[in-house]
Amino acid sequence: MSAKTFHFAGYKTEKERVYFYYRIDFSNREPLYFTETVTFPGNVETVQLAEKFLDPLHLILGISYYKLYCPPKIVIPFEITKEEAKFWNTVYRKGLGEFLYKNNLDPQKVAEFPFSSKQKKPASIDVKDSSLLGIGGGKDSIVAAEMLKGSPFVSFLVETQREDSVSRRVIKQIGKPSVFVKRELDKKVFEDHQYDGHIPVSAVFAFLGLFVAALYKHKNVIVANEYSSNFGNMEYKGKTINHQWSKSAEFEEMFQSYVREFITPDINYFSLLRQFYEIRVAEMFSEKKEYFHVFTSCNRNFNISYKRPSSLWCTECPKCVFAFLILSPFLSKEELLSIFKKDLFANKSLLPLFSNILGEGNSKPFDCVGTFDEARTAFFLASKKFKEDIVFKEIKIKEPQGDVFKAVHAPTLPTPYRFLGIKSICVLGYGKEGRVSEKYIKQNYPEISVEALDEKIDRKYLKKQKNFDLAVKTPGIEKSKVSIPYVTATNIFFSRINNTVIGVTGSKGKSTTASLIYHILKMAGKKVRLLGNIGSPMLEVLLSDVDPEEIFVLELSSYMLDDIEYSPSVALLLNLFPEHMNYHGGLDRYYEAKKRIFKFQKEGDVAITPPFKEKLVTKNVSLLGEHNIENIKAATQVCRIFDVPESVIKKGVESFQPLPHRLEFVGKHKGVEFYDDAISTTPESTIEAIKALESVDTLILGGEDRGYDFDKLVEVIKSYNISNIVLFPQSGERMREKLKELRLLETSSMEDAVKFSFQTTKKGKICLLSTASPSYSLWSGYEEKGDLFKDAVKRNAKT
């Protein structure tokens with residue numbers, strides 16, 4: 001029998017039903033036609049831009065029919081992009097991995113999806129702050145439901161061919177509102193065909209859940225897939241075959257990107273249990289005794305090919321054996337027997353199955369079972385309790401290595417949900433932001449133990465991370481130094497705030513520009529607060545009630561943006577040049593971090609980048625330099641978004657005073673003007689300072705050496721006829737040879753630098769502190785460096 005083409009033959013909506021049509025063409029027989037009917041809990045025609053959701057649903061449902069003959073060609077009735085086709089090719093190949101192996105088919109022979117050059121934009125839809133939680137009959141969705149009990153959610157169940165009485169009982173026990181989707185496969189599926197086997201049913205549920213979320217305006221579609229589902233069963237033709245692939249983090253990440261880029265950024269899909277091994281989930285479930293009489297993981301209760309058994313557990317399949325094993329460390333013998341009705345460890349016929357699950361047999365079963373490590377850990381922990389049973393007498397394993405009870409990194413899990421199920425948190429970095437983070441955790445998650453880890457408290461603080469489930473990382477800690485899952489205060493803030501947020505970033509000028517925007521908006525009578533690097537710690541806002549009308553202006557450093565998961569509603573990028581390369585591991589990564597400020601913006605959000613075309617509202621400004629003129633233009637552009645009158649913008653710009661350490665005039669002493677520009681820690685920003693002041697005669701340079709190129713700075717120094725140079729280590733040593741014809745002082749002392757400046761600077765000229773290098777080789781930061789400079793100027797002015 002030779003199948004030629006698989007047609008996705010369109011779909012039709014009819015109130016609460018959608019009919020999906022498929023056709024297989026053959027070279028030697030009449031075509032086969034299939035219709036799948038899906039009944040939703042509401043009128044599907046009310047969904048905004050329904051085709052955005054129904055087109056991909058049509059494609060995923062088709063996998064049940066494509067697999068019957070695996071034709072070499074696919075035809076679809078609508079256009080998809082190249083990136084969409086790449087997604088669908090992966091879903092069909094990897095999702096059908098077990099099916100391909102069992103039917104001895106080459107994954108490379110799976111038909112590829114056709115694509116066009118047409119570009120697509122995601123849709124913006126209205127959603128409420130509520131969630132749809134997928135429910136099965138097992139422990140995982142029960143644990144997820146219990147975690148979410150403090151949040152608004154609706155239980156969601158897909159019933160295929162028949163009513164799922166097991167899951168309905170679980171939903172009743174959960175006690176939350178529920179919705180049901182009825183999926184009716186074409187009856188011809190159950191006839192004899194060329195091939196048969198496993199499909200990625202969790203991917204089907206994901207797309208169905210997405211449409212129901214759109215129908216009821218839910219913000220989240222939540223499932224209960226744990227970390228253990230990431231691990232495959234075997235290798236086949238150079239590829240890993242994973243029975244649970246559509247439950248894996250790989251699929252979840254792909255699906256999130258697909259939905260965000262091609263369907264809508266307003267609905268998020270994720271697994272609440274992604275950061276836990278199944279053994280940790282079993283430990284949590286063991287405390288939920290009210291569910292013991294209704295739950296089951298036995299697939300014979302859910303497989304539509306089986307007649308539903310009279311009991312909840314068949315006690316013979318891999319799922320029954322694994323469930324018994326993984327719960328055995330946490331329940332008494334009596335509790336286990338009350339659930340399963342039998343002692344599975346005492347059944348000699350199950351020895352081969354236990355061996356396979358423990359990694360001691362031929363292969364991991366093709367079923368939703370956990371990893372070998374956690375199975376061995378459960379076996380080891382239960383060994384004393386069941387030492388007389390045949391399974392423990394016949395199978396001997398060593399004490400397992402590794403900690404399967406610790407939380408693991410789960411980047412697909414949104415920040416607010418990473419606290420659920422967590423036992424302990426460390427705050428990495430205990431400065432101003434760290435102290436506020438600790439207060440926030442204690443106020444919002446009193447059941448979680450929290451401890452501060454900081455170099456000032458303990459030099460070996462980083463080694464103590466392993467004792468905690470989760471870290472709250474402060475911006476100054478490089479993420480490469482964090483060895484456990486972490487969140488950031490920036491992401492916590494964005495995840496909890498629905499207010500208008502103005503985010504300002506750039507290599508230079510972000511503090512000045514953010515402060516100027518704040519200053520103008522405040523003069524315009526807006527309720528506004530300045531947060532981030534220059535203002536209060538962001539989480540301070542969340543320690544009390546938030547006025548929904550308040551506007552937040554954030555200065556966002558590259559450290560904050562490096563792992564940000566949200567974008568401000570108004571995002572401003574001022575400029576880019578090399579900085580912080582040791583933190584980010586290179587220039588490209590630094591630029592990439594800065595540009596993340598725009599990555600998660602939605603329809604209606606505003607992105608502002610140079611060049612800034614706004615006209616100056618006034619020439620009467622106290623800010624020096626061409627770069628500050630650009631900052632004023634950028635701030636003006638932002639304020640006009642908020643309908644601030646021109647007169648108020650003008651007044652705000654004219655009344656704004658420079659921030660400390662930013663071309664700050666220190667004073668005129670003995671005929672010499674002194675300027676503190678300690679914030680300038682790159683060659684580019686020092687060049688701007690020289691150009692702004694024009695008559696610099698003495699320049700104080702140098703600091704931590706991060707490999708910057710100083711050639712252009714040297715050219716500017718010479719072209720502006722600067723006579724005297726102070727060089728601090730370490731980068732000063734690299735500049736020495738290029739500036740040797742000038743009067744030089746190499747020193748580590750700010751006092752000596754200032755004395756030299758008084759002695760050598762011509763009257764009527766300027767001494768400028770603008771080091772073109774970070775401060776950390778000698779000082780704690782630019783503030784300490786600038787303060788020492790100003791103090792030394794005042795002292796030497798009196799002598």
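Me: A lining residue has an atom within 4 Å of a point of the cavity. Which residues line the second largest cavity?

Reply: The model is predicted. In this model, Glu 433, Lys 473, Thr 474, Pro 475, Thr 488, Ala 489, Thr 490, Tyr 559, Met 560 and Asp 563 line the second largest cavity. Helix H16 (489-496) and helix H18 (558-561) are the elements that give two or more residues to this lining.

Me: What makes up the lining of the second largest cavity by class?

Reply: There are 4 nonpolar, 3 polar and 3 charged residues. Tyr counts as nonpolar. Tyr 559 is one of the lining residues, so by class Tyr 559 is nonpolar.

Me: How many cavities of 30 Å³ or more does the structure hold, and what volume has the largest?

Reply: The count is 2. The largest has a volume of about 40 Å³, and the second largest about 30 Å³.

Me: Which residues line the largest cavity, and what are their classes?

Reply: Gln 275, Val 408, His 409, Ala 410, Arg 418, Leu 470, Pro 485 and Tyr 486 form the lining. By class, 5 are nonpolar, 2 polar and 1 charged. Arg counts as charged, so Arg 418 belongs to that class.

Me: Back to H16. What makes this helix count as mostly covered?

Reply: 7 of the 8 residues of H16 are buried. They are Ala 489, Thr 490, Asn 491, Ile 492, Phe 493, Phe 494 and Ser 495. Ala 489 and Thr 490 also line the second largest cavity. For the protein, 57% of 799 residues count as buried.

Me: Why is Cys 314 called buried?

Reply: The cut-off is under 20% relative accessible area. Cys 314 has 14% relative accessibility, so Cys 314 counts as buried. Cys 639, at 0%, is also buried.

Me: Why is Cys 314 not bonded to the closest cysteine sulfur?

Reply: A disulfide needs two cysteine sulfur atoms within 2.5 Å. The sulfur of Cys 314 is 3.6 Å from that of Cys 298, so the pair is too far apart for a bond. By this rule the structure has 0 disulfides.

Me: What is the order of the open sheet of 5 strands, and why do E17 and E20 count as edges?

Reply: The order is E17-E18-E16-E19-E20, with parallel pairing. Strand E17 (528-532) and strand E20 (606-608) each have a single partner strand, so one side of each lacks a neighbour in the sheet. Neighbouring strands here are turned by 15° against each other on average, direction ignored.

Me: How do you know that E17 and E18 pair?

Reply: Pairing takes at least two bridges. E17 and strand E18 (residues 551-555) have 5, so they pair, in the parallel sense. In E18, Val 553 stands opposite Leu 530.

Me: What is the order of the sheet of 6 strands, and which strands stand at the edges?

Reply: This open sheet runs E21-E22-E26-E23-E24-E25, and the pairing is mixed. Strand E21 (664-669) and strand E25 (743-746) are the edges, because each has a single partner strand. The average turn between neighbouring strands of this sheet is 15°, direction ignored.

Me: What joins strand E23 to strand E24?

Reply: Strand E23 (residues 696-702) is joined to strand E24 (residues 724-728) by 5 bridges, and the two run parallel. Two bridges are enough for pairing, so E23 and E24 pair. Leu 701 has Leu 727 in E24 as bridge partner.

Terms used:
Residues are numbered from 1 along each chain as its sequence is written. This is a predicted model: local features need pLDDT of at least 70, side-chain atom pairs count only at pLDDT 80 or more; totals for chains, interfaces and linings use all residues. Side-chain values use heavy atoms; hydrogens and water are left out. Buried means under 20% relative accessible area, exposed over 50%, partly exposed in between (1.4 Å probe, protein chains only). On a 1 Å grid over the protein atoms alone, a cavity is a set of points where a 1.4 Å probe fits but cannot get out, and a pocket is an open set with protein on both sides within 12 Å along at least five of seven lines; lining residues have an atom within 4 Å of a point. Grid points are joined across faces, edges and corners, and a volume is the space filled by probe spheres set on the points. Helices (H or I, at least four residues) and strands (E, at least two) are DSSP runs, numbered from the N terminus. Axes are lines fitted to C-alpha atoms, for helices over the stretch in contact, and angles run from 0 to 180 degrees between N-to-C directions.
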